[in-house]
Amino acid sequence: MNQVGGSTPAHLDTDFYNKSFETADLRQQCTGLRTPGLSMVQYLGQDLGFNGITDKSSRKMETVHTGVLAALLDDVTARVSFANASGKPSFTANFQLEYLRPVPTKSFVVMDAWATKVEGRKIFITSYAADPLGGQILVRARSLFVQAA
């Protein structure tokens, strides 16, 4: 549900996202982290789709390749990881993605990522890609980054 009149759109509201995972409010878990999160807007051009591949009706598929979405979300989560890694390099140890809806080419997506917990060398991050106009979450992810020793 998007709100109008200067309020935060639903897809940028962490409570809205948490309900999609049916979890507790992650903002409470973010207390004390150096940089809780990051939001980015990305344009996904026609060349990021399945060029030359057609569906059963011989129409050209105009859907962004899932590998592109994984790479973009990994980049956003890595930036949040670096901000919470106390000056040391950190690396993706686990990255779980859930593709909820096809993402059309020639469209914009909003990607949000935030650290939910730092435990020793482990940094836990939650993220998603959403339709900036409709607020629908298109891809959601959870990741674990580990700081170098």
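Asp75 is partly exposed, with a relative accessible area of 31%, and in this predicted model its side chain meets that of Arg79 in a salt bridge with an N to O separation of 3.0 Å. Arg79 is likewise partly exposed, at a relative accessible area of 44%, and the two residues both lie in helix H3, four residues apart, which is about one turn of the helix.

Around this helix, the secondary structure of the chain comes to three helices and five strands, and read along the sequence these follow the pattern α-α-β-α-β-β-β-β. Among contacts between residues at least 6 apart in sequence, 67% join residues at least 24 apart. Buried residues make up 34% of the 149 residues in the chain, while the chain exposes about 8400 Å², of which carbon and sulfur atoms supply 54%.

The interior can be followed from its central residues outward. In the largest nonpolar core, which has 19 residues, Val103 and Val139 touch the most other members. Helix H3 (66-83) and the strands E3 (107-119), E4 (122-130) and E5 (137-147) each supply at least two residues of this core, with H3 giving the most, namely five residues. In soluble globular proteins, nonpolar side chains tend to be buried together. Once neighbours within four places in sequence are left aside, the contacts of Val139 include Leu69, Leu73, Leu97, Val103 and Ala129.

Ala129, placed in strand E4, is buried because its relative accessible area is 3%, below the 20% cut-off. Its C-alpha atom is separated by 7.5 Å from that of Leu73, although the two residues are 56 apart along the chain. Leaving aside neighbours within four places in sequence, Ala129 is in contact with Leu73, and also with residues including Val110, Met111, Ile137 and Val139.

Strand E5 is mostly covered, with nine of its eleven residues buried, and it pairs with strands E2 and E4. Nine bridges join strand E2 (residues 90-99) to E5 in an antiparallel arrangement, in which Ser90 stands opposite Gln147 of E5. Nine bridges also join E4 to E5, and these strands too run antiparallel, with Ile123 standing opposite Phe145 in E5. The hairpin of E4 and E5 has six residues between the strands, and in this hairpin Gly135 takes a positive phi near 80°.

A salt bridge also links E2 with E5. The side chains of Glu98 and Arg140 meet with an N to O separation of 3.0 Å, and because Glu98 lies in E2 and Arg140 in E5, the pair ties together parts that are 42 residues apart in sequence. Glu98 is partly exposed, with a relative accessible area of 33%, whereas Arg140 counts as buried at 11% relative accessibility. The count for the model comes to three salt bridges, and among them is the pair of Glu119 and Lys117, whose side chains meet at 3.4 Å, N to O. Glu119 counts as partly exposed at 40% relative accessibility, and Lys117 is partly exposed as well, with a relative accessible area of 37%.

Nonpolar side chains also appear on the surface. Val41, Tyr43 and Phe108 form a nonpolar patch there, with about 320 Å² of accessible area together. Tyr43 lies in strand E1 (residues 37-44), and at 40% relative accessibility Tyr43 counts as partly exposed.

Technical notes: Residues are numbered from 1 along each chain as its sequence is written. This is a predicted model: local features need pLDDT of at least 70, side-chain atom pairs count only at pLDDT 80 or more; totals for chains, interfaces and linings use all residues. Side-chain values use heavy atoms; hydrogens and water are left out. A nonpolar core is a set of buried Ala, Val, Leu, Ile, Met, Phe, Trp, Tyr and Cys residues joined through side-chain atoms within 4.5 Å. Buried means under 20% relative accessible area, exposed over 50%, partly exposed in between (1.4 Å probe, protein chains only). Contact means heavy atoms within 4.5 Å. Two strands pair if DSSP finds at least two bridges between them. Patches are made of residues with over 30% relative accessible area and no salt bridge: like charges are joined within 9 Å, nonpolar side chains (Val, Leu, Ile, Met, Phe, Trp, Tyr) within 5 Å. Accessible areas come from the Shrake-Rupley method with a 1.4 Å probe; for residues, only the protein chains shown count as cover. A salt bridge is a side-chain nitrogen of Lys or Arg within 4 Å of a carboxyl oxygen of Asp or Glu.
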